[in-house]
Amino acid sequence: MDKQQTSKENIDILKLSIQVRLNGLSFCVMESNKNEILWYKKINFEKEFTPVKILEQIELLYKEEKQLELAFNEVVLLFSNELYSIVPSQFFVEEEASHYLKFNTKILQTDLVAHDVFSNEELVNVYIPYTNITNYFFDKYGEFEFKHSATELIEQLSHNNEDKGPVAYLNSFKGYYDLVVMKDGKLLLSNTFKYETPEDFIYYLLFTAEQLQLDPLDFSIYLLGEITKDAPEYEITYTYIKNVEFFDPKFRLSPEEFRNPQFQREAFILLKSLGCE
């Protein structure tokens with residue numbers, strides 16, 4: 001009988017992905033060699049919190065949840081907010097990074113400005129992370145990766161995008177959504193819109209289509225995130241846009257409960273940051 005192999009395939013590789021929103025948190029722990037989700041938790045706050053209050057919630061969670069005491073091989077932190085701007089790399093100057101944000105974001109002198117370089121090296125996402133939260137995870141884990149969730153979303157959608165012509169992806173959360181529009185595999189627009197009513201929801205979508213000269217009867221839109229078929233946001237979108245579909249990631253996950261398409265749409269960014277296919 002052969003000795004038990006100790007190859008990389010036999011070693012558990014535990015990964016943790018964390019998404020920080022102003023109105024919530026999401027955590028996913030995965031054993032990546034088996035595509036097995038060991039723990040998933042999503043928390044929605046009753047309103048938007050400050051970064052200080054969000055950190056208090058994270059600290060509380062780490063005191064309560066034993067799964068967060070595991071030894072992780074990899075940790076990824078994702079910031080989901082509207083404090084970002086996508087810049088063509090040919091126009092990006094790192095020393096001037098704050099200037100790309102000042103027209104649409106209020107920047108304080110104490111704010112750290114970070115940037116993600118896309119894998120194709122054609123685009124750069126300039127954004128403001130929450131330094132109190134990055135410092136907390138650095139103290140806990142040492143070196144780890146952090147990025148803006150829009151970077152992960154655009155990167156992964158561009159890999160999945162086989163449509164010719166314009167196509168939109170709407171990734172919804174409680175009270176806001178990320179909107180990504182591509183044409184022939186190239187990014188046309190990425191923006192984040194806050195909304196309170198279904199009418200707000202469709203207004204920003206139709207306004208974006210108008211600005212990009214897209215006919216609501218022609219372009220397709222794929223829905224991700226928390227939106228469901230019985231939601232009023234879906235109903236009003238379907239009223240005004242002809243080609244509306246729910247995105248189906250088809251991740252091969254275990255246990256079986258995590259193969260649900262609605263869960264996979266909701267956790268799409270978290271799962272992709274962990275390397276799910």
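In this predicted model, helices H1 (residues 51–64) and H2 (residues 131–141) pair up, with axes that come within 9 Å and cross at roughly 25 degrees. An angle under 35 degrees counts as roughly parallel, so H1 runs roughly parallel to H2. On the H1 side, the contacts are made by Pro51, Val52, Ile54, Leu55, Ile58, Glu59 and Tyr62. Their partners in H2 are Asn132, Ile133, Tyr136, Phe137, Lys140 and Tyr141.

H2 has a buried face of its own, made up of Ile133, Thr134, Tyr136 and Phe137. These residues cover an arc of only 155 degrees around the axis, which puts them on the same side of H2. The general background is simple: an α-helix has 3.6 residues a turn, so residues three or four places apart point the same way. H1 is one part of what covers the buried residues of H2, and the cover also includes strands E1 (14–21), E4 (74–80) and E8 (145–148). Ile133, Tyr136 and Phe137 thus turn up both among the buried residues of H2 and among the H2 residues that meet H1. After H2 comes glycine 142, with a positive phi near 75 degrees.

Helix H4 (residues 198–211) makes for a neat check on geometry. At 1.5 Å a residue, its 14 residues should span 20 Å, and the end C-alpha atoms are indeed 20 Å apart, so the two values agree. Its buried residues are Phe201, Ile202, Leu205, Thr208 and Ala209. They sit on the same side of H4, because the arc they cover around the axis is only 125 degrees. Glu210 and Gln211 are exposed on the other side of H4.

What the buried residues of H4 pack against is a mix of strands and one helix: strands E9 (166–173), E10 (176–183), E11 (186–194) and E12 (220–225), plus helix H5 (232–240). H4 is followed by glutamine 213, which has a positive phi near 55 degrees.

Strand E11, one of the elements that the buried residues of H4 pack against, is also home to leucine 187. With a relative accessibility of 25%, leucine 187 falls in the partly exposed class, since buried would call for a value under 20%. Leaving aside residues up to four places away in sequence, leucine 187 touches Ile86, Leu123, Ile154, Val180, Val181 and Met182. Valine 29 lies 158 residues from leucine 187 along the chain, and the C-alpha atoms of the two are separated by 31 Å.

As for cysteines, the whole structure contains 0 disulfides. Cysteine 28 is in no disulfide, and the nearest cysteine sulfur, that of cysteine 276, is 6.8 Å away. The reverse also holds: cysteine 276 is in no disulfide, with the sulfur of cysteine 28 nearest at 6.8 Å. A disulfide would need the two sulfur atoms within 2.5 Å. Cysteine 28 counts as buried because its relative accessibility is 1%, and cysteine 276 is buried as well, with a relative accessible area of 0%.

Several loops carry backbone features that stand out. Most residues other than glycine have a negative phi, and most peptide bonds are trans. Glutamate 121, in the loop between E6 and strand E7 (123–127), goes against this with a positive phi near 60 degrees. Its relative accessible area of 60% makes glutamate 121 exposed. Aspartate 184 is not a glycine either, yet has a positive phi of about 55 degrees. Aspartate 184 belongs to the loop between E10 and E11 and is partly exposed, at a relative accessible area of 45%.

The other departure is a cis peptide bond, from serine 254 to proline 255, where omega is near -5 degrees. Proline 255 is placed in the loop between strand E13 (243–246) and helix H6 (261–266).

Lastly, histidine 99 lies in the loop between strand E5 (84–88) and strand E6 (114–117). With a relative accessible area of 36%, histidine 99 is partly exposed. Valine 113 is 14 residues from histidine 99 in sequence, and their C-alpha atoms are 10.0 Å apart in space.

Methods
Residues are numbered from 1 along each chain as its sequence is written. This is a predicted model: local features need pLDDT of at least 70, side-chain atom pairs count only at pLDDT 80 or more; totals for chains, interfaces and linings use all residues. Side-chain values use heavy atoms; hydrogens and water are left out. Helices (H or I, at least four residues) and strands (E, at least two) are DSSP runs, numbered from the N terminus. The expected span of a helix is 1.5 Å times one less than its number of residues. Buried means under 20% relative accessible area, exposed over 50%, partly exposed in between (1.4 Å probe, protein chains only). The arc is that of the directions from the helix axis to the C-beta atoms. Contact means heavy atoms within 4.5 Å. Axes are lines fitted to C-alpha atoms, for helices over the stretch in contact, and angles run from 0 to 180 degrees between N-to-C directions. Angles under 35 degrees count as roughly parallel, over 145 as roughly antiparallel, 65 to 115 as roughly perpendicular and the rest as oblique.
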